Amino acid sequence: MAKTLRYDLTVTLERVLAEPRFAVPQESWWDRLLQRGLAELARLFAWVIDAVGGPIVAAFLALGLVGAVTLFVAVRLAGRRAAVLEERLILERLLESGVDPESFLMDSEDASRSGDHARAIRLRYIGGVLDLGRRGRIRYEPGLTTSGIAAQVNDEGFDGLSQQFDAVAYGAAMVGAEDDAWSRERWAGMREPA
């Protein structure tokens, strides 16, 4: 009888210890890699702190580095924002002045023939928008953006033209002859009577 009791206790104990709550968590390769990386990073920080003369000097150097990166990012963003604002002001002045869209369209064809496809796309877009305004398809409003123009036109083809213009004018996207030809075809469709 004692043997049975001991056997029953062993089986019960094995069953209880096999439950997930008693399982030892397995460390994955990712956890080991992360721990190793953090240890190496801490070792690098300790070396840098010793090399520069202590934790206070290292803190000032880190603050200076963060400040320099922040200043660099702020200057870049301000430059892009200024370029966007300048393009919008130019478009607003053109819309207000009643400039002939045909001159922009002719200049875009000249730029296209000379291989300056980005300039051709920009000029064609400005001329096309001026033409749409002249034909009453868009209404000029101060602060009008390309997405605002696209909302007024409400045409999927024009949405693609606006996205292309934004990418070229504000994002400095690289374009080629096929992009220029696509723009020319889309604008030809936009100029057809609605």
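Read along the sequence, the chain goes α-α-α-α-α-α-α-α. That adds up to 8 helices and 0 strands, in what is a predicted model. The chain has 194 residues, and 24% of them count as buried. About 13800 Å² is exposed, with carbon and sulfur atoms supplying 62% of that area. As for how the chain meets itself, take the contacts between residues at least 6 apart in sequence: 61% of these join residues at least 24 apart.

Helix H8 is worth a closer look. It covers residues 177-191, 15 residues in total. From the first C-alpha to the last, H8 reaches 21 Å, close to the 21 Å expected at 1.5 Å a residue.

Which residues of H8 are buried? They turn out to be Asp180, Ser183, Trp187 and Met190. Looking down the axis of H8, these buried residues fall within an arc of 85°, so they line one face of the helix. The general rule behind such a pattern is simple: an α-helix has 3.6 residues a turn, so residues three or four places apart point the same way. Over on the other side of H8, Glu178 and Glu185 are exposed.

The buried residues of H8 also have plenty to lean on. What they pack against is helix H4 (101-113) and helix H5 (117-134), along with helix H6 (146-153) and helix H7 (156-169). Put together, H8 has one face lined by its buried residues, which pack against H4, H5, H6 and H7, while Glu178 and Glu185 are exposed on the other side.

Note on methods. Residues are numbered from 1 along each chain as its sequence is written. This is a predicted model: local features need pLDDT of at least 70, side-chain atom pairs count only at pLDDT 80 or more; totals for chains, interfaces and linings use all residues. Side-chain values use heavy atoms; hydrogens and water are left out. Helices (H or I, at least four residues) and strands (E, at least two) are DSSP runs, numbered from the N terminus. Buried means under 20% relative accessible area, exposed over 50%, partly exposed in between (1.4 Å probe, protein chains only). Contact means heavy atoms within 4.5 Å. Accessible areas come from the Shrake-Rupley method with a 1.4 Å probe; for residues, only the protein chains shown count as cover. The expected span of a helix is 1.5 Å times one less than its number of residues. The arc is that of the directions from the helix axis to the C-beta atoms.
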